[in-house]
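Visitor: I am new to this structure and should like to understand the terms used for it. May I put some questions?

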Amino acid sequence: MGGLGAFFLNSAMAEPNAAKNAASAAALPIQHDPSAPLSPLAPPFTPKVRRVIYLHMGGSPSQLELFDHKPELTKFNGRDCPEVFLKGKRFAFITGVPKLLGTMYPFHQAGKSGTWISDRLPHLEKMIDDMCVINSMRTDQFNHAPAQLLVQTGDPRLGHASLGSWVTYGLGSENQNLPGFIVMISSSSTTANAGKPLWGSGFLPSVYQGVQCRSAGEPVLYLDNPKGVSRVERRQVLDAVDEINRQTYAELGNPETVARIAQYEMSFRMQLEASDAMDITREPAHVLARYGAEPGKTSFANNCLVARRLAERGVRFIQLYHWGWDSHGTPVDQGLNVGLVDCCHATDQPTAALLTDLKERGLLEDTLIVWGGEFGRTPMQENRGGQEMKYIGRDHHPEAFSIWLAGGGIKSGITHGATDDLGYDVVRDPVEVRDLHATTLYLLGFDYRTFSYSYQGLDQKLTGVKPARVVSEILA
Amino acid sequence: MASEPHASGYLSAPLYLLCVALVTGVAIATAMALRPAFAHKMLEMTGLEAMPQAVPNSFYAARVAPLFAQHCISCHGETRQKAELWLDSYAFVLRGGRHGAVIHPRDPKTSELMTRITLPAGDDKAMPPEGKTPLSPDDVTVIRLWIAAGASPTMPAAAIKGVPQLVAEVTFPDLDPAGTRRRRAPLANVMQQLSARYPGVAAYESRNSADLELNAALRGATFTDTDLKAFLPLHDHIVHMDLSGTAITDASAQALAQMTALQTLRLTNTKTGDATISALAALKSLKFLTVTGTHATGPALAPLSKRGVTIHGDGDAD
């Protein structure tokens, strides 16, 4: 028995780092004042970025038409897909033996970095040397809603906390008159698949969820006072409601009650600041022109300009969704030859303008920009129901997709990872969604292994239980 | 005598033990003959054969063994030994498996292991088999160069040229709450006063640091030259400063010159100009400067730019 005891002692001593990490994790819990749950909090480690602007391209843009240059695929255009790619695979819509589909648009090398890009993004291309293109993203979900949930909450099922709510939980809000996490939506055609849980707080207190704002009209519905109610009267109503809520909290002690008080108070303060932040008519004409923004419309261009205004006002996590990239080839707006062109047209100039604008204001240095969908698209042409489709499209493809990052702490002007000659599988430097999350948290000053929230007896983490890593190769 | 018949009908104890030893011996010998890797393990355990050992800082230990550990030993290691091949120690890697050696030092071309890891995905003989993560082209290069250089257990990690760089994993610094408290102590009084007067303007960069960020941009035009002066007691701790859209002017030049720890300074849309820029020469740590929408001019910015400071905007105030 003494021998066995010594064995256990040795194995415990063999892992001093594990013990030390556990100890240091416990040393810095996230502690917010319950009455001010959004008060700013410094991250545990020196951050490289202080805010994130996440441009989620809903529906998933085709990497093969934008960033992943595959001349070999074009050579085999129209040929049957080799059996090795089909054996044991299940697709969302493809059946039987589909044909390979060559890249629809010409590619060229751009910028000093010589990064490959297609001719569909002529504005963004001018910023290519500020971007890091990742062509080796992978996911394990091939339907939109679960894949979007995985990208935004780290889990394909409902109930988990979104990336933005983790950040708001960890850092609070720099500006006490605005939410720390703001979401805006535009679309070329279809709308959200997974809906509001994409910016929900899951198991985190609900005060950390994303607040959806509209880019036209009132930014937040029902934020303005009703007709005939003055700000003073509104204050009196709030005081009365707060008093009742405080009594309820004293009686039952539910932290959600405190969250509710804080949210009412923030909406009151937001009445002044949110309207100002969202009001792009305050921008000079040349700025509006740079984005292609038109006040009064709901557009990705307007949202990009608002995103810059929010970044300047201390909002930590700004998320823009643009739907319409689901290029199956079924209706016309889902064709690679029509719908994708429309989406590029709606987003190319404003995305480039946002990067340029942030750079000019010195804000790109401490902002992380993430651009990407929820999965990739197949190198094969979709043949839904074994039929030839009216428009040209590609099916969902979890094995490989492209995203790009820009901003603080990111090595710019590089392409990371690669797929095989047909663009089917990742062959170099695969990056899992959880690796992207670990990297994002690292840039914000968190260790993804210790940034956790106790729920249902588990220390819940954004990166889940599978091994994740910070993608050190793309760090500046 | 009740015990008498027993003595004649059963083996005596010494003979019994001999038989057990004989059977065990035959079993071990058979196993050793059929499973070479097992034979070596037995010989090594009994001290009859010396195992070549890899040196801790060798190329093998630093670059090759981790690849085997990551991609191979779940099938060729302690728990399973498919094809009698063990890839969990240098000695066994060189010994090979049921079909003989898998590595021929200095000759990657004839080395079975090289052949297997370079077969196209989908080939029945490709390793790791379908469904497992393949070795990256860089991983294959590492193994090839090691075999070509003699598959040595001792050759130092730096001795082989043209090897793909090892990816450095990110590490997090140790959290040091006591040290942080100590380094923040001298600032505590000033921070308390300033936080009361200017809530949220100055904040620690991280919970593990005594470095400060000063963000006056949220205060806009209400933040003046006088207000900036109030932060001078923190001059050697402020590393990032955002004065965008504030009312500061060239009258703050001298105050800024004393902010010796500054790495980032944003003056976007302020009424500052070349007098401020000239004062910044004193800031040796400055890395990023934004002058968009100020009166700063190219000639004043040139020395900073030459020094390697990244400058955004060229003072195009209109």
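The conversation below takes up the confidence scores, one chain, a sheet, a single residue and the contact between chains.

Visitor: What are the ipTM and pTM of the model?

Guide: This is a predicted model, and it scores ipTM 0.86 and pTM 0.82. For chain B the mean pLDDT is 88, with 92% of its residues at 70 or more. Where pLDDT is low, the coordinates should not be read in detail.

Visitor: What makes chain A as compact as a globular protein of its length?

Guide: The secondary structure of chain A consists of eleven helices and 17 strands. Its radius of gyration is 24 Å, and the globule rule gives 23 Å for 476 residues; the two values are close, so chain A is as compact as a globular protein of that length. The C-alpha trace of chain A spans about 80 × 70 × 45 Å along its principal axes.

Visitor: How many of the residues of chain A count as buried?

Guide: A residue is buried if 20 or more other C-beta atoms lie within 10 Å of its own. By that criterion, 51% of the 476 residues of chain A qualify.

Visitor: Why is Gln192(B) called exposed?

Guide: The cut-off for an exposed residue is 12 or fewer C-beta neighbours within 10 Å. Gln192(B) has 10 inside that distance, and therefore counts as exposed. Gln192(B) belongs to helix α9 of chain B, residues 188-197. From Glu112(B) it is 80 residues away in sequence and 70 Å away in space, C-alpha to C-alpha.

Visitor: Why are β1 and β6 of chain B said to stand at the edges of the sheet?

Guide: Six strands of chain B form an open sheet with mixed pairing, in the order β1-β2-β3-β4-β5-β6. β1 and β6 (310-312) each have a single partner strand, so one side of each has no neighbour in the sheet. From one strand to the next, the twist averages 15°.

Visitor: How do you know that β1(B) and β2(B) pair?

Guide: Two strands pair if at least two bridges are found between them. Three bridges join β1(B) to β2 (residues 212-215) of chain B, and therefore the criterion is met; the two strands run antiparallel. Within β2(B), Glu213(B) is the bridge partner of Ala203(B).

Visitor: Which strands of chain B each supply at least two residues of the side that touches chain A?

Guide: The contact takes 31 residues from chain B and 28 residues from chain A. The strands in question are β1 (202-204), β4 (264-266) and β5 (288-290) of chain B. By class, this side of chain B has 13 nonpolar, 13 polar and five charged residues.

Terms used: Residues are numbered from 1 along each chain as its sequence is written. Chains are lettered from A and ligands numbered from 1 in the order in which they are written. This is a predicted model: local features need pLDDT of at least 70, side-chain atom pairs count only at pLDDT 80 or more; totals for chains, interfaces and linings use all residues. Helices (H or I, at least four residues) and strands (E, at least two) are DSSP runs, numbered from the N terminus. Two residues are in contact if their C-beta atoms, placed from the backbone, lie within 7 Å. Ala, Val, Leu, Ile, Met, Phe, Trp, Tyr, Cys and Pro count as nonpolar, Asp, Glu, Lys and Arg as charged, and the others, Gly among them, as polar. Axes are lines fitted to C-alpha atoms, for helices over the stretch in contact, and angles run from 0 to 180 degrees between N-to-C directions. pLDDT is the predictor's confidence in each residue, from 0 to 100. The radius of gyration is taken over C-alpha atoms; the globule rule is 2.2 Å times the number of residues to the power 0.38.
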